[in-house]
Amino acid sequence: MQPQVDQVEPGVPEELAASVRRAFEESYGGPPARVGRAPGRVNLIGEHTDYNGGLVLPVALPHATYAALAPRTDGRVRIDSRQAEPWEGTLDDLAPGGPSGWAAYAGGVLWALREAGLGVEGADVYVDGTVPLGAGLSSSAALECAVAVAVAPDADRADLAAACIRAETEVAGAPTGGMDQHVALLAREGHALLIDFGSDETRQVPLDLAGRTLLVTDTRVSHALTDGGYGSRRDDCEEAARLLGVPSLREATLDAVEGIADERVRRRARHVVTEIARVTETVDALERGDWDAVGATFRRSQASMRDDFEISTPELDAAVAIAVEAGALAARMTGGGFGGSSVAIVPDERVAAVARAIDAAFVLEGFRAPAHLVATPSGGAGLVPLPA
Ligand code: GLA
């Protein structure tokens with residue numbers, strides 16, 4: 001039974017696909033060839049570890065982005081959305097240094113796919129969806145991956161992920177690590193996805209929540225990964241690896257890290273090395289059904305992100321603390337940080353109470369009202385069949 005909580009609804013895929021198809025027809029005067037769908041994600045644990053060759057454990061949300069697309073042959077691209085201003089230009093305009101804003105994410109994928117020999121010679125695209133924007137739930141990867149599967153549904157998923165990552169890092173200029181695109185493309189319903197960025201291997205980890213809910217709370221403090229905070233953390237990690245003489249912090253030991261003289265760089269590296277270990281501990285604990293142990297790794301992860309990596313916010317710290325006080329088995333902030341969302345594992349019968357307790361605490365603190373969503377572990381990107 002779905003717990004009773006005032007939440008952001010994921011919507012019904014067939015209905016959303018039909019609605020994006022209608023909007024496409026209104027914008028462009030003809031039907032799309034395909035509608036691609038790709039989910040947002042919530043990361044259970046493993047934050048800022050992907051670009052350090054480490055481990056991550058994300059889950060795909062039932063909330064997704066839908067991209068209706070009709071290929072063109074004249075090099076032109078038109079992109080429109082219910083959420084943003086339309087963009088029009090040519091494929092060549094979409095290269096690095098091209099558009100800014102959301103068109104860079106959607107259009108950047110068209111550019112990167114063509115670079116990879118998987119693309120189209122132009123397209124009309126219309127996008128809509130239910131992944132909250134700016135909530136740290138990877139709306140940008142969902143957008144990229146929805147466009148990618150609509151362009152090349154049969155392509156190898158690793159190739160699609162690579163093109164989406166190029167769009168995000170080279171065209172949109174967000175120096176992110178690849179977790180979000182991988183999970184959007186590879187997730188399996190009822191599972192978390194363990195990704196090893198050292199070996200590029202993935203493993204589906206069954207997530208038997210029986211009687212528990214993944215409750216995501218969007219603090220509605222917005223962040224952008226193109227702001228300086230994310231990039232400066234990445235720079236500190238690279239500096240730490242350089243000081244230790246290792247290719248990435250995946251190869252660093254905690255002992256070696258504790259010897260780094262620069263106090264800030266030492267703390268950043270300590271977060272990464274301990275966080276990678278916590279991913280393995282969490283997977284083991286989930287496989288044993290040991291929720292106390294999951295709670296303990298989440299607690300240590302939150303402290304590490306707050307004190308060592310300094311990416312939490314007062315709103316995130318409050319959401320996490322109140323969730324645990326009100327009965328969550330585990331809670332931590334999730335995603336890039338500097339705002340965004342927390343994730344909590346909550347016994348079904350406590351979900352409404354946890355959400356209410358967070359709402360009340362936010363009123364008292366004078367924070368913006370948060371939004372909650374239930375993260376039923378969902379499947380990865382694909383085409384949504386269009387009714388005849
Ligand atoms: C963002 C990035 C990811 C990852 C997380 C932090 O979501 O897109 O690549 O680095 O932050 O774990």
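## Contact between the two domains

Across the interface of domain 1 and domain 2 there are 19 residue pairs in polar contact, counting pairs with both residues at pLDDT 80 or more. On the side of domain 1 that touches domain 2, at least two residues each come from β1, β2, β3 (58-71), β7 (191-196) and β8 (201-206). Of these elements, β3 gives the most to that side, with 4 residues. Sorted by class, the side of domain 1 that touches domain 2 has 19 nonpolar, 14 polar and 6 charged residues.

The model is predicted. Between them, domain 1 and domain 2 bury about 3,100 Å², and 65% of this area is on carbon and sulfur atoms. The interface of the two domains also has 3 salt bridges across it.

## Domain layout

The domain assignment splits the protein chain into domain 1, made of 13-206 + 379-383, and domain 2, made of 212-374. Taken over C-alpha atoms, the centres of domain 1 and domain 2 are 25 Å apart. Domain 1 puts 39 residues into the contact and domain 2 puts in 43 residues.

## Salt bridges between distant parts of the chain

Side chains of opposite charge can pair when their charged atoms come close. The structure holds 28 salt bridges.

One of them joins Arg332 and Glu47, with 2.9 Å between the closest N and O atoms. This pair links distant parts of the chain, 285 residues apart: Arg332 is in strand β10 (residues 330-334), while Glu47 is in the loop between β1 (34-43) and β2 (55-56). Are Arg332 and Glu47 buried or exposed? Both residues are buried.

Another salt bridge is formed by the side chains of Asp124 and Arg78, at 3.0 Å from N to O. Here too the pair links distant parts of the chain, with Asp124 in strand β6 (residues 123-129) and Arg78 in strand β4 (residues 76-81), 46 residues apart. Asp124 counts as buried because its relative accessibility is 7%, under the 20% limit. Arg78, at 24% relative accessibility, counts as partly exposed.

## A helix pair and a network

The side chains of Arg300 and Glu281 form a salt bridge of 2.7 Å, N to O. Arg300 is in helix α9 (residues 291-308) and Glu281 is in helix α8 (residues 263-288), so the salt bridge ties together parts that are 19 residues apart in sequence. How accessible are these two residues? Arg300 has a relative accessible area of 38% and is partly exposed. Glu281 also counts as partly exposed, at 33% relative accessibility.

Which residues are joined into one network by salt bridges that share partners? The network consists of Asp236, Glu263, Arg264, Arg267, Arg268 and Glu310.

## The surroundings of Thr219

Thr219 lies in the loop between β9 (212-218) and α6 (228-244). Its relative accessibility is 0%, so Thr219 counts as buried.

A polar atom of the Thr219 side chain lies 2.6 Å from the backbone oxygen of Gly340. Leaving out residues up to four places away in sequence, Thr219 touches Glu315, Leu316, Gly339, Gly340, Ser341, Phe362 and Arg368.

Methods:
Residues numbered from 1 in each chain as written. Predicted model: local features only at pLDDT ≥ 70, side-chain atom pairs only at ≥ 80, totals over all residues. Heavy atoms only, no water. Salt bridge = Lys/Arg side-chain N within 4 Å of Asp/Glu carboxyl O. Buried < 20%, exposed > 50% of the residue type's maximum accessible area, 1.4 Å probe, protein only. Domains from an automatic or database assignment. Contact = heavy atoms within 4.5 Å. Buried area = accessible area lost by both parts, 1.4 Å probe. Polar contact = N/O pair within 3.5 Å; in protein donor to acceptor, adjacent residues only side chain to side chain. Nonpolar A, V, L, I, M, F, W, Y, C, P; charged D, E, K, R; others polar.
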